[in-house]
Amino acid sequence: VYKRQAFQWAFNISGGMPLIQTFIVKDTEVITEGMMVSMDTGEVDKAAHGDAAIIGIAVHDADNTDDGLTVRVIVNRDAVYSVVDANARAVDADLDLDTAATGVTTDSSHTFKVFRDSSATEPTLVYINAGNHWLDA
């Protein structure tokens, strides 16, 4: 069975569908579907753990090595994302974004909060921690 190795939108805590907005991709950035992106000087790039302006996940690939491309991003403040993670996680645990911006790793800067308990064989459900989301600024 193929398991996607990036974030996927699961649901919004408040209900409803994902809100998707279009952003200009920073020059030379390569964004992949399911990657967390953040705002940087008016354009988006790959997010990093501890970023204070994470927007959400890209809904398609955008190779901006030639500049001028846009990417559509899920922007809901209360979006919950599913990600394959080979570790058991407890509700309310803090996690960080991995270096590829497509998964989670051990906490050092509280980028994400675990939404509910999960075993090592289940996807981990996370949301962007308060103070790290683009709409918190």
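Entry 1, a buried pair. I looked up Arg89 and Asp85 and found that both are buried (under 20% relative accessible area, with over 50% being exposed and partly exposed in between, using a 1.4 Å probe and protein chains only). Their side chains meet in a salt bridge at 2.6 Å, N to O; the term stands for a side-chain nitrogen of Lys or Arg within 4 Å of a carboxyl oxygen of Asp or Glu.

I note that this is a predicted model, in which local features need pLDDT of at least 70 and side-chain atom pairs count only at pLDDT 80 or more, while totals for chains, interfaces and linings use all residues. Residues are numbered from 1 along each chain as its sequence is written, and side-chain values use heavy atoms, with hydrogens and water left out.

Entry 2, other salt bridges. I get a count of 4 salt bridges by this rule. One of them joins the side chains of Asp136 and Arg77, at 2.9 Å from N to O. Asp136 lies in the segment after E13 and Arg77 in the loop between E8 and E9, so the pair ties together parts 59 residues apart in sequence. Asp136 is partly exposed at 34%, and Arg77 is partly exposed at 26%.

I also found Asp94 bridged to Lys113, with the closest N and O atoms 3.2 Å apart. This pair links strand E10 to strand E12, 19 residues apart. Asp94 is partly exposed at 24%, whereas Lys113 is buried at 18%.

Entry 3, the sheet. I read strands as DSSP runs of E, at least two residues, numbered from the N terminus; two strands pair if DSSP finds at least two bridges between them. An open sheet of 6 strands runs in the order E1-E9-E13-E12-E10-E11, with antiparallel pairing. Its edge strands are E1 (8-12) and E11 (104-105). E10 (residues 94-97) and E12 (residues 112-114) are joined by 2 bridges, and Leu95 stands opposite Phe112.

Entry 4, the core. I looked up the largest nonpolar core (buried Ala, Val, Leu, Ile, Met, Phe, Trp, Tyr and Cys residues joined through side-chain atoms within 4.5 Å). It has 29 residues, and Phe112 and Val126 are among those that touch the most other members. Contact means heavy atoms within 4.5 Å. Leaving out residues up to four places away in sequence, Val126 touches Phe7, Leu95 and Phe112, among others.

Entry 5, Asn76. I found Asn76 in the loop between E8 and E9, buried at 13%. A polar atom of its side chain lies 2.6 Å from the backbone nitrogen of Leu19.

Note on methods: Helix = DSSP H or I, 4+ residues; strand = E, 2+ residues; numbered from the N terminus. Polar contact = N/O pair within 3.5 Å; in protein donor to acceptor, adjacent residues only side chain to side chain.
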